[in-house]
Amino acid sequence: LSDGPALPDVDPAAGDLAEGGEFYRSNCASCHAAAGIGGALSYGQAAPTLVPADPLVIGAAVRAGPGLMPVFDEEILDSETLNSVVRYALELQDPANPGGATLGGAGPVPEGFVGWVFGVGALMLATFWIGRRHTDEPPAELDGSGAGR
C-alpha cells in the first residue's frame, strides 16, 4: 500500500566475486542452496531459485527481505558487498563446469552421492565378476609327484 523501500543501485561488475561467494555461503546458501537452486524452508515455504533472476531483482530482495528472508539493509550489508553478492549470484546462473557433468547443478553433496553410489556399485560388480571366474570341471587329481595326470 506504500511505495516500499527504494530499489538499490546494483553494479555486479564492481563487485568482488570471492567476497560475494564468502558472504553467500555464510548467509544465503542455507536457504538458497550452494548452487542457488532454492530449497525448503519451514512452514511449507521454499526459498526461490536464483537462476532466472536479474541483478536488480536480487539486490531488491536482499534489501527488502521478502517472506522469511531476513532484511540486509545498509547497516548490515554495504553497497560494495551487495554488488559482490549479486555478482556471485549471477555466477551461479552459468557456472564454469570444468569437471564434467553437473547432474542438474544440484551441488556437491548430491553429485558426490551419485559418484559414491556408482563407484561402489562398479567395485561390487567387479568383485563379483572376479569371484565367479571358475570352471564347472572338477580339479585334476594329483599323483604322488604333485603333478596332475
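## A tour from Pro70 to the largest pocket

Start by selecting Pro70, which sits in the loop between α3 and α4. The model on screen is a predicted one. With a relative accessible area of 47%, Pro70 is partly exposed, because that value falls between the 20% and 50% cut-offs. Show its surroundings next: leaving aside residues up to four places away in sequence, Pro70 touches Val62 and Gly65. Then draw a distance from the C-alpha atom of Pro70 to that of Asn27; the viewer should give 9.7 Å, although 43 residues along the chain lie between the two positions as a separation.

**Arg63**

Move to Arg63, which belongs to helix α3, residues 55-64. Is Arg63 buried or exposed? Its relative accessible area is 12%, and Arg63 therefore counts as buried, the limit being under 20%. Display the side chain and look for backbone oxygens. One to pick is that of Leu77, which the side chain of Arg63 reaches at 2.8 Å. Another is the backbone oxygen of Asp73, reached by the Arg63 side chain at 3.3 Å.

Now select everything that Arg63 touches, again without residues up to four places away in sequence. The set consists of Pro8, Val71, Phe72, Asp73, Glu74, Leu77, Asp78, Ser79 and Leu82. Asp73 and Leu77, whose backbone oxygens the side chain reaches, are thus also in this contact set.

**The largest pocket**

Keep α3 in view and turn to the largest pocket, which holds about 450 Å³ of space. Which residues lie nearest its centre? Select His32, Pro48, Leu50, Ala61 and Met69; the full lining has 25 residues.

Colour the lining by element next. At least two lining residues come from each of α1 (17-27), α2 (29-32), β2 (46-47), α3 and α4 (79-93). Helix α3 gives the largest share, 4 residues. Then recolour by residue class: 20 of the lining residues are nonpolar, 5 are polar and none is charged.

**Ile37**

For the last stop, select Ile37 in the loop between α2 and β1 (39-40). Ile37 is partly exposed, its relative accessible area being 37%. Finish with a C-alpha distance from Ile37 to Val51: the two atoms are separated by 6.8 Å, and the residues are 14 apart along the chain.

Notes:
Residues are numbered from 1 along each chain as its sequence is written. This is a predicted model: local features need pLDDT of at least 70, side-chain atom pairs count only at pLDDT 80 or more; totals for chains, interfaces and linings use all residues. Side-chain values use heavy atoms; hydrogens and water are left out. Buried means under 20% relative accessible area, exposed over 50%, partly exposed in between (1.4 Å probe, protein chains only). A polar contact is a pair of N or O atoms within 3.5 Å; within protein, one must be able to donate a hydrogen and the other to accept it, and residues adjacent in sequence count only if both atoms are side-chain atoms. Contact means heavy atoms within 4.5 Å. On a 1 Å grid over the protein atoms alone, a cavity is a set of points where a 1.4 Å probe fits but cannot get out, and a pocket is an open set with protein on both sides within 12 Å along at least five of seven lines; lining residues have an atom within 4 Å of a point. Grid points are joined across faces, edges and corners, and a volume is the space filled by probe spheres set on the points. Ala, Val, Leu, Ile, Met, Phe, Trp, Tyr, Cys and Pro count as nonpolar, Asp, Glu, Lys and Arg as charged, and the others, Gly among them, as polar.
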